[in-house]
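Visitor: I should be grateful for a close look at a single part of this model. Please begin with one strand and follow its contacts outward to the parts it leads to.

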Amino acid sequence: MRPTRHNRPTRHTVPAAVAVGLLLFTGCGTEQLGAGGGAVTSASPVCGPGAPSAGSSAAPSSATASEAAPQASVSPAKDGVAILGTAGGARPCAAYSVTSQETVPFTYVVTFSFLSDSGQALGNVTETVPAVAPGRTVRGTVTASGLPGDAAGGSPRVRVVKVRGVPTAEAPVVGGTCPPSGVRVYADEGDAAMGLRVVGLHLENCGTRPYPLDGYPRVELRDEDRDRVSGVSILQGGAAVATGTGADGPPRSIVLKTGERAYATLVWRNTVASVTNEPVNAPYARVWAKPGAAPVMVTPEFDLGTTGKLGVGPWKKDEAR
């Protein structure tokens, strides 16, 4: 079974965590980023009927986020994240702020849940907030579309489900400007069935020179604080976990021309078979495509149970691309 290769916004880890409570507010005005990255005051609210849907950002870009001075929240901020207000209508929205508590620029991915009056989840929207400078606050809006009819009308109820953040210098890149490394590296959404997890790592040569690969990517698991996880065996190949996943086969030397792609498969099980060992949940993986390559931090959300192992397949040329 070869992994499904979706272009996935890296769900990537937590420095600014979540204001989890349900919030009921009104009004969603904010500022927007101009073409050159400077803050431009919006003449009218960008939240509400007629506003473009923010949706998921596969690459680190957010059209509705802007740096701003800290703004009072209608609810106490928690770990740097606050919802500033919401507005209803055909396309409900929420205004939010993120304050970085890190020492380097961070890119955050926030998952919002829009709920009915009864508290039923109507749909999730994921928003990427790129390159938040240390100690700075960024405001933005997220808009939901295509929700059931009972979400329209009054102000919606919004819950922040999850926040992941990675150093911007190590953020995955799916499209847009080619990174200085000359390659784009990211993870897909993967497949999950009967406790077996299969996720693809993808690499695209977007530079001007051939990019050689030989063997396996190096993978380190990281916890919610992005600290290295111990007690898990990182295995070359996936046969010790499951066969037929795409993580098998011998390593081969390949050379990617400009525009060509490769993939490697990560495979694990979420089985909990021990009452003495704590299950391992590691949101992040730090990945090196080859020795000397710049690291990239992806967020496959590893739920390894008590299995204690992760299989990493060799790089293979992606002939489908």
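Guide: Leu235 is a residue of strand 16. In this predicted model, Leu235 has a relative accessibility of 26%, so it counts as partly exposed, being neither under 20% nor over 50%. Once its neighbours within four places in sequence are set aside, the contacts of Leu235 are Ala240, Lys309, Leu310, Gly311 and Val312. Between the C-alpha atoms of Leu235 and Val267 there are 9.8 Å, and along the chain these two residues are 32 residues apart.

Ile234 also belongs to strand 16, which covers residues 233-236. Its relative accessible area is 35%, and Ile234 is therefore partly exposed. With neighbours within four places again left aside, Ile234 touches Val219, Leu221, Leu310 and Val312. Leu310 and Val312 thus appear in the contacts of Ile234 and in those of Leu235. Lys309, one of the contacts of Leu235, has its C-alpha atom 6.0 Å from that of Ile234, although 75 residues along the chain lie between the positions of Ile234 and Lys309.

Two of the contacts of Ile234, Val219 and Leu221, lead into the interior. The largest nonpolar core holds 31 residues, and the members that touch the most others are Leu203, Leu213, Val219, Leu221, Phe302 and Trp315. Strand 18, residues 261-269, contributes the most to this core, with four residues. A separate second core has 19 residues, among them Phe106, Val132, Ala144 and Val160.

Leu221 deserves a fuller account. Beyond four places in sequence, the contacts of Leu221 include Asp227, Arg228, Val229 and Val232, together with Ile234 of the strand described above. Further along the chain, Leu221 is in contact with Ala282, Tyr284 and Ala285, and also with Phe302, Leu304 and Leu310. Phe302 is itself one of the core members with the most contacts to other members.

The segment leading into strand 16 has a backbone feature of its own. Arg226 is located in the loop between strand 15 (218-222) and strand 16. The phi angle of Arg226 is near 65 degrees, which is a positive value in a residue other than glycine. Most residues other than glycine have a negative phi. With a relative accessibility of 14%, Arg226 counts as buried because this value is under 20%. Ala131, in strand 8, likewise has a positive phi, near 50 degrees. Its relative accessible area of 40% makes Ala131 partly exposed.

Strand 8 leads in turn to the largest pocket. Strand 8 (121-132), strand 11 (183-187) and strand 20 (284-288) are the elements that give two or more residues to the lining of this pocket. Strand 11 supplies the largest share, three residues. The pocket encloses about 530 Å³ of space and has a lining of 30 residues. By class, 20 of the lining residues are nonpolar, seven are polar and three are charged. Nearest the centre of the pocket lie Ala171, Val173, Pro179, Pro180 and Val183.

Ala171 occupies the loop between strand 10 and strand 11. Its relative accessible area is 11%, so Ala171 is buried. The C-alpha atoms of Ala171 and Met297 are 5.9 Å apart in space, while the two residues are 126 residues apart in sequence.

The loop that holds Ala171 also contains Cys178, between strand 10 (157-167) and strand 11. Cys178 forms a disulfide with Cys206, the sulfur atoms lying 2.0 Å apart. The count of disulfides comes to one. The angle about the S-S bond is 75 degrees, and the link of Cys178 and Cys206 is right-handed. Cys206 sits in the loop between strand 13 (196-205) and strand 14 (211-214), and the pair joins distant parts of the chain, 28 residues apart. The two ends differ in accessibility class: Cys178, at 26% relative accessibility, counts as partly exposed, whereas Cys206, at 18%, counts as buried.

Note on methods: Residues numbered from 1 in each chain as written. Predicted model: local features only at pLDDT ≥ 70, side-chain atom pairs only at ≥ 80, totals over all residues. Heavy atoms only, no water. Core = buried A, V, L, I, M, F, W, Y, C linked by side-chain atoms within 4.5 Å. Buried < 20%, exposed > 50% of the residue type's maximum accessible area, 1.4 Å probe, protein only. Contact = heavy atoms within 4.5 Å. 1 Å grid on protein atoms, 1.4 Å probe; cavity = no way out; pocket = protein on both sides within 12 Å on 5 of 7 lines; lining within 4 Å. Points joined across faces, edges and corners; volume = space filled by probe spheres on them. Nonpolar A, V, L, I, M, F, W, Y, C, P; charged D, E, K, R; others polar. Disulfide = S-S within 2.5 Å.
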